[in-house]
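Colleague: Could you walk me through reading cysteines and strand pairing in a model like this one? I'd like the general idea and then the case at hand.

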Amino acid sequence: MMPLWQRPIDLEAINAVHQGTLMEALGIEITRITDTALFGTLPVDARTRQPHGLLHGGASVALAETLGSVAANLAAPPGWMAAGMEISASHLKSVRHGRILGCARPLHLGRNTQVWEIRLEDEAETIVCVCRLTVLLRERSSSSAP
């Protein structure tokens, strides 16, 4: 079986690329990468809650798309990049505080597309949201970001 990750894994460098972006503004952090999955967190605080004090669904989706997109780009062949095409989310439980823990795992790694499942859990390890992200693979142009 071909290795899942096609690029070097450097958590510090991956998180550094997110400085000055939505990921930094929301407090999203990539925390761990194993042979088969990528993990990250999102704080549930004033940046990520909606007016009723609950985790905003859009913040959950931002975490899921970040985890899936980072994983997809690490799994893309050298010289190629992944760009999101579609994401769906099922919000299963509300959260008011703490941290959301996310895990992205591949469902399909094709030549032109990838499909990732991203499960988000609260600190009690209860599933709060399940997402599916589909990405398109394309050759990286010289002007593409890392």
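**Cysteines and their strand**

Modeller: Happily! The sulfur of C129 lies 3.6 Å from the closest cysteine sulfur, which belongs to C131, and that is too far for a bond. Keep in mind that this is a predicted model.

Colleague: What is a disulfide in general?

Modeller: A disulfide is a covalent bond linking the sulfur atoms of two cysteines. Here the cut-off is 2.5 Å between the sulfurs. Seen from C131, the closest cysteine sulfur is that of C129 at 3.6 Å, so no bond is assigned. The count of disulfides is zero.

Colleague: Are C129 and C131 buried or exposed?

Modeller: C129 is buried, with a relative accessible area of 1%. C131 is buried too, at 1% relative accessibility.

Colleague: How should I think about side chains along a strand?

Modeller: In a regular strand, side chains alternate between the two faces of the sheet. For the case here, look at β6, which spans residues 127–139.

Colleague: Which strands does β6 pair with?

Modeller: One partner is β3 (residues 80–91), which runs antiparallel to β6 and is joined to it by 11 bridges. Within that pairing, W80 has E139 of β6 as its bridge partner. Another is β5 (residues 113–121), also antiparallel, with nine bridges to β6. There, T113 is matched with L136.

Colleague: How many residues lie between β5 and β6?

Modeller: Five, and the two strands form a hairpin. In the turn, look for E125, whose phi is positive at about 65 degrees.

How values were computed
Residues numbered from 1 in each chain as written. Predicted model: local features only at pLDDT ≥ 70, side-chain atom pairs only at ≥ 80, totals over all residues. Heavy atoms only, no water. Buried < 20%, exposed > 50% of the residue type's maximum accessible area, 1.4 Å probe, protein only. Pairing = 2+ DSSP bridges. Helix = DSSP H or I, 4+ residues; strand = E, 2+ residues; numbered from the N terminus.
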